[in-house]
Amino acid sequence: MALRWLLYLLIWLALTFFSLKFCIEPECCNAGEEIGAVDDGNGVTDPVENTYALPTLLNSGDIDQGADYAALLDRLRSEYAADSTQRLQIYGNYYADEAAPDGFENMGFARAERIAQMIHADLGIPLDKMDRLARLISEDAPAADARWEGGRFAWAADMGEDEGPQIIELSSDEITIRFPFDKSTKDLGTEVESYLETLTQRLLQTDERVEITGHTDNIDTDAYNMRLGQQRADFVKSRLVAYGAPADRISTRSEGESNPEATNSTSAGRAINRRAVVRLMPN
């Protein structure tokens, strides 16, 4: 009799082990993988949207506080504390087909204004220390219900519009060089030349290609500004080639005055629009 009960006990223990191992554990593990995922109503989860600091939707000027928003605030707070004289460049991302909201030249400016208000409320950075800019995204637009990053940031010295070229680094793969009025080949200065020399060394160690786009303000004619934008792009390319960068991996083009980064209604905005944008892309 005792042997029979011992056999029953062993069978019960074995069934309990297999139940925990192959039924309960997988469910727990799967639940852990789905933390932060959002149900779309059809049982499909989309955890990607939680990775943004400032998520938005197509054709919406609303900006949410995403999962990375707190980390973004910590970074901006530290960078501003290190140098409170600099200006915060807030870029509102937008796609060309998005309609411009009332009171704004495009959706990018609307998003930048919303972000500026959020940063001012949460960090206390004065609104007059923030430039609201628009960043046109050339890639295909996402689905209407897909969330994506609504803004980007950079810092710039608080300089007069004719104090010389200035470099604005949006990321390791995208920088902007701002030019003085009506100039395309003026001395770029130590900071910009140092960046271009470093960029050349990077190009010599990778197979990346570079796209340089020249832009202008809206002063003068469309035709003149298209030529001036091309001259700016070509000049930046010539400096890279002078440092040894492979010319066949560097393309240039002009958008003239057609893609303003800031409003052209003020002298400060026009100064921001006189620029060349350098983008690095995989070959």
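**Exercise 1. Find out how big the largest pocket of this predicted model is and what lines it**.

Solution.
- Start with the volume: the largest pocket takes up about 480 Å³.
- Next, look at its wall. There are 27 lining residues, and Arg135, Leu136, Ser138, Glu174 and Arg279 lie nearest the centre.
- Now see where the lining comes from. The elements that give two or more residues are β2 (87-94), β3 (130-136), β6 (166-171), β7 (174-178), β8 (209-215), β9 and β10 (275-281).
- Strand β10 gives the largest share, five residues.
- Finish by sorting the lining by character: nine residues are nonpolar, seven are polar and 11 are charged.

**Exercise 2. Work out which parts of the chain the salt bridge between aspartate 64 and arginine 147 links**.

Solution.
- A bit of background: side chains of opposite charge can pair when their charged atoms come close.
- In this pair, the N to O distance is 2.5 Å.
- Place each partner: aspartate 64 sits in the loop between β1 (55-56) and α2 (69-82), while arginine 147 sits in the loop between β3 and β4 (148-149). That puts them 83 residues apart, so the bridge links distant parts of the chain.
- Then check exposure. Buried means under 20% relative accessible area and exposed means over 50%, so aspartate 64, at 32%, is partly exposed. Arginine 147 is partly exposed too, at 27%.

**Exercise 3. Take two other salt bridges, glutamate 79 with arginine 75 and arginine 202 with aspartate 173, and describe how the partners are placed.**

Solution.
- Glutamate 79 and arginine 75 come within 3.4 Å, N to O. Both belong to helix α2, four residues apart, or about one turn of the helix.
- For arginine 202 and aspartate 173, the closest N and O atoms are 2.5 Å apart. Arginine 202 is in helix α4 (residues 189-205) and aspartate 173 is in the loop between β6 and β7, so this pair ties together parts 29 residues apart in sequence.
- Arginine 202 is partly exposed at 25%, and aspartate 173 is partly exposed at 33%.
- Some bridges share partners: Arg135, Arg152, Glu174 and Arg279 are joined into one network that way.
- The full count of salt bridges is 17.

**Exercise 4. Decide whether asparagine 264 is buried or exposed, and list what surrounds it**.

Solution.
- Locate asparagine 264 in the loop between β9 (250-256) and α6 (267-273).
- Its relative accessible area is 12%, so asparagine 264 is buried.
- Leaving aside neighbours within four places in sequence, asparagine 264 touches Glu105, Asp217, Asn218, Arg270 and Asn273.
- With asparagine 218 there is a polar detail: the side chain of asparagine 264 reaches the backbone nitrogen of asparagine 218 at 3.5 Å.

Methods
Residues are numbered from 1 along each chain as its sequence is written. This is a predicted model: local features need pLDDT of at least 70, side-chain atom pairs count only at pLDDT 80 or more; totals for chains, interfaces and linings use all residues. Side-chain values use heavy atoms; hydrogens and water are left out. Buried means under 20% relative accessible area, exposed over 50%, partly exposed in between (1.4 Å probe, protein chains only). A polar contact is a pair of N or O atoms within 3.5 Å; within protein, one must be able to donate a hydrogen and the other to accept it, and residues adjacent in sequence count only if both atoms are side-chain atoms. Contact means heavy atoms within 4.5 Å. On a 1 Å grid over the protein atoms alone, a cavity is a set of points where a 1.4 Å probe fits but cannot get out, and a pocket is an open set with protein on both sides within 12 Å along at least five of seven lines; lining residues have an atom within 4 Å of a point. Grid points are joined across faces, edges and corners, and a volume is the space filled by probe spheres set on the points. Ala, Val, Leu, Ile, Met, Phe, Trp, Tyr, Cys and Pro count as nonpolar, Asp, Glu, Lys and Arg as charged, and the others, Gly among them, as polar. A salt bridge is a side-chain nitrogen of Lys or Arg within 4 Å of a carboxyl oxygen of Asp or Glu.
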